[in-house]
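Reader: I should like to learn how to read strand pairing, empty space and unusual backbone angles from a set of coordinates. Could we take these topics in turn?

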Amino acid sequence: MSKHLNNDNQVELKEVRQEVLAKTQILQNLIPPTVSYTTEGNVLVIGPEDLARLAAGKLTNMGKLAILANESITNQDEAHLEKVMATAEDVESFYNKLIEIKGFLGQFQVKVEHESDALAASETSAVDLSMAAIRKAHFDLILDLSHTPCINLEMLPPGYFYVGQDEAKLEEAIAQLPDLIGEFDKPRYVKVNSQICAHNRNGIEGCNRCLNFCPADAIQSINKMIEIDPYLCHGAGSCTNACPTGAISYDLPTPQALHSYLYKLVTRFREQAQTAPVILFHDAANGAALVGEDLPGSVIPVELEEITVASMDHWMSALAWGARQILVLNTDATAPTLTQMLKGEHKLANDILDEMGQPQRISVIDETSIGDLTSLLAVSASWPVIVPGEFAATTKRNTLYAAIDHLNEQAASVDTCLSQSNLPYGMVNVNTDSCTLCLSCVSTCPTQALTDGGDKPALHFVEQDCVQCGLCESACPEKAISLTAQINFDKAERQKRQTLKEEDPFECIRCGTPFATQSMVQRMLEVVGGHSAFSANIERLKMCSDCRVKDMFEDILQDPEKQLR
């Protein structure tokens with residue numbers, strides 16, 4: 001009897017899920033930004049000459065062809081060699097040593113070593129193989145049959161096909177190559193707001209998180225600014241996930257659109273099903289094939305370009321809006337860098353939940369788990385129900401903290417601090433004895449976590465806005481600043497404006513105008529007070545710039561030869 005009721009309940013939940021998904025859409029830009037690739041179908045085949053020539057013989061419907069033979073012939077059998085020699089006879093082979101390959105579909109630059117008559121026998125120069133081989137400035141496509149890829153990246157650039165010596169992959173690539181002649185558009189997945197980027201300020205290097213997590217090597221620091229090559233970008237989302245300020249944001253969908261979508265999914269399902277849903281994030285390429293109609297009715301699948309497009313703020317806010325559990329489906333096809341990031345975020349998220357007394361509501365599952373979620377869902381079904389929060393998604397950090405605060409209120413309401421290394425959250429500490437309130441730290445802070453005191457010499461700080469980029473620490477000439485990475489669960493303490501140091505201004509001893517801080521003048525007296533330029537009248541250090549000049553000229557007028565002496 002209970003099994004029959006349970007089956008009926010699953011059918012009802014699946015119907016609710018289907019209706020909610022049908023009526024809820026992610027708001028997208030109607031004219032999304034794109035980048036274009038243009039190709040004529042000119043192909044460079046790399047690998048052992050025999051295999052490369054046989055492959056070139058199957059590309060008769062492509063543009064110009066060339067072979068870069070970088071490995072020994074694989075088979076010395078006479079019949080095999082005769083077949084090779086009779087294949088693609090008009091395609092020229094080159095035997096130069098490969099230096100590098102750069103570029104993407106329609107724009108591959110291949111540099112090889114070249115011995116020039118003008119150089120000594122032991123010297124070589126680098127030349128563009130495309131110019132020598134096909135009289136073009138670039139190759140459009142590359143078919144790589146080498147034992148190891150000539151481009152060593154987790155996510156290879158579009159237009160580069162690495163098949164090794166796998167016959168099935170080779171046939172698949174040969175079938176796809178003719179379709180890559182013409183002009184193609186691809187979404188510009190992410191955008192950068194340099195105004196709030198913490199990478200570099202005033203010539204000081206700070207945050208490098210995004211540079212460490214791009215599996216396609218599409219991110220570079222150019223002229224001290226973060227730039228993303230949209231032609232190399234695969235839309236993995238790891239950079240947006242790693243960025244602590246939100247300076248790098250996903251554009252398809254935008255962070256706000258994904259938050260809004262999650263809020264509507266969770267809210268509508270709860271209202272109609274009278275139960276809390278489980279959100280399952282999966283990628284579009286591999287995870288989608290594993291997620292079928294057999295999913296338990298309480299599980300709502302959310303498809304993303306890559307699973308790292310959704311970051312911890314999306315997980316936590318979905319929970320705070322009333323989801324009972326978050327599942328993230330990771331497949332073997334996920335790039336190792338993305339898996340590493342995912343594991344780190346997953347651990348931190350559950351550490352946060354542990355600290356506040358919540359169950360570990362976030363799980364990363366694999367391909368073997370997706371077929372049977374029964375035991376996993378049975379455990380979460382007994383967890384305390386979360387009363388949905390009323391907050392709206394704003395910035396990345398504020399949304400995450402709003403979700404954490406709501407989940408904390410639903411649990412133990414702790415006011416502790418979770419301390420871990422390398423967190424983009426935490427405190428700025430100031431040695432007040434060393435600090436002169438020069439405010440170099442304020443001018444470099446990208447999030448305005450550090451601010452000045454206006455008319456009064458002071459340094460203020462808001463912990464919630466600090467991304468631990470280290471710019472303030474590097475900018476401080478007195479080395480008076482240190483950082484403490486932590487997540488502070490005391491909402492009031494974290495959001496309040498703290499005064500790290502304040503003091504009365506130093507007033508000019510001649511005109512009474514405030515012109516510096518007490519500690520700065522004291523520091524000048526200590527450092528340069530004994531210099532010969534001030535030995536005659538050290539009191540000038542206690543004057544404003546105008547009065548200092550006046551005092552110097554008065555001194556000269558009273559004794560014109562004093563300066564000569």
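Reader: Which residue in E6 stands opposite Ile101?

Author: The general idea comes first: strands of a sheet pair through backbone hydrogen bonds, either parallel or antiparallel. In this predicted model, Ile101 faces Val110 of E6. The two strands concerned, E5 (residues 98-102) and E6 (residues 109-114), run antiparallel and are joined by four bridges. In their hairpin, six residues lie between the strands, and Gly103 takes a positive phi near 120°.

Reader: With which strand does E6 pair in the antiparallel sense over four bridges, apart from the hairpin just described?

Author: That strand is E7 (residues 125-128). A residue pair that marks the register is Lys111 with Asp128 of E7, which stand opposite each other.

Reader: How should one read the order of the open sheet of three strands, and which strands stand at the edges?

Author: The order is E23-E24-E26, and the pairing is antiparallel. Strand E23 (450-452) and strand E26 (498-502) are at the edges; each has a single partner strand, so one side of each is left without a neighbour in the sheet. From one strand to the next, the twist averages 25°. Between E24 (residues 458-461) and E26 the antiparallel pairing extends over four bridges, and Ala458 has Glu502 in E26 as its bridge partner. As for side chains, in a regular strand they alternate between the two faces of the sheet.

Reader: Turning to empty space, what is the volume of the largest pocket, and which residues are the closest to its centre?

Author: The general idea is that rolling a probe the size of a water molecule over the atoms shows where empty space is left. Here the largest pocket has a volume of about 950 Å³. It is lined by 34 residues, of which Glu154, Met155, Leu156, Pro157 and His234 are the closest to its centre. Strands E9 (160-162) and E10 (182-187) each contribute at least two residues to this lining. By class, the lining of the largest pocket comprises 22 nonpolar, six polar and six charged residues.

Reader: How many cavities of 30 Å³ or more does a search of the whole structure find?

Author: The search finds five. The largest cavity holds about 90 Å³ of space. Fourteen residues line the largest cavity, and the closest to its centre are Cys435, Cys438, Leu439, Cys441 and Cys476. Its lining divides into eleven nonpolar residues, two polar and one charged.

Reader: Let us end with the backbone. Where is the peptide bond that is cis, with omega near 5°?

Author: That bond runs from Leu252 to Pro253. Pro253 belongs to the loop between strand E16 (248-250) and helix H7 (255-273).

Reader: What is phi of Arg135 and of Asn202, and is each residue buried or exposed?

Author: Arg135 has phi near 55°, a positive value in a residue other than glycine. Its place is the loop between helix H4 (129-134) and strand E8 (141-144). The relative accessible area of Arg135 is 61%, so this residue is exposed. Asn202 also is a residue other than glycine with positive phi, in this case near 50°. The loop that holds Asn202 lies between strand E12 (200-201) and strand E13 (204-205). Asn202 is likewise exposed, with a relative accessible area of 59%.

Notes
Residues numbered from 1 in each chain as written. Predicted model: local features only at pLDDT ≥ 70, side-chain atom pairs only at ≥ 80, totals over all residues. Heavy atoms only, no water. Pairing = 2+ DSSP bridges. Axes fitted to C-alpha atoms, helices over the stretch in contact; angles between N-to-C directions. 1 Å grid on protein atoms, 1.4 Å probe; cavity = no way out; pocket = protein on both sides within 12 Å on 5 of 7 lines; lining within 4 Å. Points joined across faces, edges and corners; volume = space filled by probe spheres on them. Nonpolar A, V, L, I, M, F, W, Y, C, P; charged D, E, K, R; others polar. Buried < 20%, exposed > 50% of the residue type's maximum accessible area, 1.4 Å probe, protein only.
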